[in-house]
Amino acid sequence: MAGEMVNSILKELVGMCVAGAKVLDICSFGDKRILEETGKVFKKEKEMKKGIAFPTCVSINNCVCHFSPLASDDDVILKDGDMVKLDLGAHVDGFPVVVAHTHIIGASKDSKVSGRKADVMLAAHYAAEIAQRLVKPANQNHTVSEMVQKTVTAFNCKPVEGMLSHQLAQFVIDGEKTILLTSTESTRKSHDKKDFEMHEVYGVDILVSTGEAKGKEKDMRPTVYKRNEDVVYQLKMKASKQFLSEVDKTFGTFPFTLRTFEDEKKAKLGVVECTKHGLTDPFTVLWEKEGDFVAQFKYTVLLMPNGPQRITQNLFDPEAFESEHKIDDEKLKEILAVSTNPKAAKKKKKKAEKAIAETAAPEVINPEV
């Protein structure tokens with residue numbers, strides 16, 4: 001249900017990404033549409049929580065993630081050729097569905113993108129496709145990291161360091177099981193090896209850069225935060241108490257943006273004390289070097305008996321991009337050749353089982369002879 005909502009809203013947001021559009025308008029519209037759509041279901045269930053699982057963020061070009069401006073911020077205007085990363089999520093009854101997509105303004109089959117923009121887009125796309133086929137029961141998170149790293153390297157790009165894909169659960173957007181994008185000897189030692197299990201849900205988040213892939217902070221105040229329920233502290237300021245009370249009532253454990261508060265000034269004041277004492281954690285806006293590009297694809301995948309099921313759409317069209325690089329690794333090609341259609345995989349399996357049965361069947365002797 002939430003999957004259908006974010007798929008529909010994502011398409012609307014992509015349609016808004018045109019030269020001259022304001023980033024604030026896109027972010028505000030995305031959040032508004034999530035609240036509208038989630039508000040239409042289970043109206044009789046007054047106690048059921050539903051709404052934004054991740055506020056709409058629009059990060060452009062070398063901005064890595066978490067850019068979601070406030071009404072009081074200076075306008076950021078999109079222009080032709082911009083690499084626009086759209087990131088959002090919705091939940092119904094606390095079950096989150098997250099999605100992110102990268103769109104280049106003006107890109108199409110008739111107006112193809114080339115150079116480093118094409119490299120990073122194709123690298124992120126194929127890394128996401130590889131991960132989709134590997135996040136399944138009996139596999140491990142380290143295997144996914146290794147194959148993602150190989151895929152991205154084939155396009156002379158790098159996965160952004162420190163970025164994680166998380167297990168999702170009811171009211172949990174950052175579960176204990178994670179997948180690290182980078183795969184080095186150091187990360188393999190420091191990052192726990194975990195098995196994927198049946199019926200788990202993951203938000204697979206792929207971020208790829210043409211540069212150093214080390215997201216850095218600028219002198220920019222975060223606008224997206226998340227409640228930290230593990231910390232207890234008695235707030236002193238009235239504005240902080242009111243702010244935290246509204247966070248608990250409206251968002252619970254899900255990330256939120258200060259933009260959604262009726263009084264932005266009070267929210268900006270209240271979040272300072274909350275964050276200082278660990279009651280709220282900021283989602284820092286990160287940046288790559290000027291002139292480099294970062295692409296992102298994120299999707300929600302369910303680990304089902306008939307195979308992994310991606311419930312958020314893939315809007316990417318590889319035919320709009322031309323790169324001098326390609327995937328030559330035979331192992332990666334083999335993984336990409338696997339169908340992600342559960343019905344097709346089931347049909348293929350039955351066909352193979354039938355062929356094996358026919359080959360192994362004993363010769364039938366006619367009893368009348």
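# A guided tour of the predicted model

Begin with three strands that form an open sheet in the order 2-13-9, with antiparallel pairing. Its edges are strand 2 (63-65) and strand 9 (216-217), each of which pairs on one side only. The model on display is a predicted one.

Stay with this sheet and select strand 9 together with strand 13, residues 286-287. The two are joined in the antiparallel sense by 2 bridges. To see one residue pair, display Lys216 and its bridge partner in strand 13, Trp287.

## Strand 1 and strand 3

Next, select strand 1, residues 50-60. Of its 11 residues, 10 are buried, and the strand is thus described as mostly covered. Add strand 3, residues 83-92, which pairs with strand 1 in the antiparallel sense over 8 bridges. Within this pairing, Gly51 stands opposite His91 of strand 3.

## Strand 6 and its two partners

Move now to strand 6 (164-168). Which strands run antiparallel to strand 6? Strand 7 is joined to strand 6 by 3 bridges in the antiparallel sense, and strand 8 is likewise antiparallel to strand 6, over 3 bridges. Two residue pairs may be picked out here: Ser165 stands opposite Ile179 in strand 7, and Gln167 stands opposite Tyr202 in strand 8.

## The largest pocket

Keep strand 6 selected and display the largest pocket, whose volume is about 720 Å³. The lining comprises 32 residues, and those closest to the centre of the pocket are His166, Ile173, Asp174, Lys226 and Phe283. Labelling these five residues gives a reference point for the centre.

Which strands supply at least two residues of the lining? They are strand 6, strand 8 (201-209), strand 10 (224-227), strand 12 (280-282) and strand 14 (294-304). Strand 6 gives the most, with 4 residues. Colour the lining by residue class, and the result is 14 nonpolar, 9 polar and 9 charged residues.

## Salt bridges

How many salt bridges does the structure hold? There are 21 salt bridges, and the following stops visit three of them in turn.

Select Glu36 and Arg33, whose side chains meet in a salt bridge at 3.0 Å, N to O. Both residues belong to helix 2 (residues 23-39), where a spacing of 3 residues places them about one helical turn apart. Is each partner buried or partly exposed? Glu36 counts as partly exposed because its relative accessibility is 32%, whereas Arg33, at 12%, counts as buried. Extend the selection to Glu12, Glu37 and Lys40, since these residues are linked with Arg33 and Glu36 in a network of salt bridges.

Continue to Arg116 and Asp119, where a salt bridge joins the side chains at 2.9 Å, N to O. The two residues lie in helix 3 (residues 115-134), 3 residues apart, which is about one turn of the helix. Arg116 is partly exposed, with a relative accessible area of 28%. Asp119 is buried, with a relative accessible area of 5%.

The third stop is Lys177 and Glu197, which form a salt bridge with the closest N and O atoms 3.1 Å apart. This pair links distant parts of the chain, the two residues being 20 residues apart. Lys177 is found in the loop between strand 6 and strand 7 (178-180), and Glu197 in the loop between helix 5 (185-190) and strand 8. With 14% relative accessibility, Lys177 counts as buried. Glu197 has a relative accessible area of 45% and is therefore partly exposed.

## A buried serine

Finish at Ser240, located in helix 6 (residues 238-250). What is its relative accessible area? The value for Ser240 is 0%, and the residue is therefore buried. Display Glu273 alongside it: a polar contact of 2.7 Å joins the side chains of Ser240 and Glu273.

Notes. Residues numbered from 1 in each chain as written. Predicted model: local features only at pLDDT ≥ 70, side-chain atom pairs only at ≥ 80, totals over all residues. Heavy atoms only, no water. 1 Å grid on protein atoms, 1.4 Å probe; cavity = no way out; pocket = protein on both sides within 12 Å on 5 of 7 lines; lining within 4 Å. Points joined across faces, edges and corners; volume = space filled by probe spheres on them. Nonpolar A, V, L, I, M, F, W, Y, C, P; charged D, E, K, R; others polar. Pairing = 2+ DSSP bridges. Salt bridge = Lys/Arg side-chain N within 4 Å of Asp/Glu carboxyl O. Buried < 20%, exposed > 50% of the residue type's maximum accessible area, 1.4 Å probe, protein only. Polar contact = N/O pair within 3.5 Å; in protein donor to acceptor, adjacent residues only side chain to side chain.
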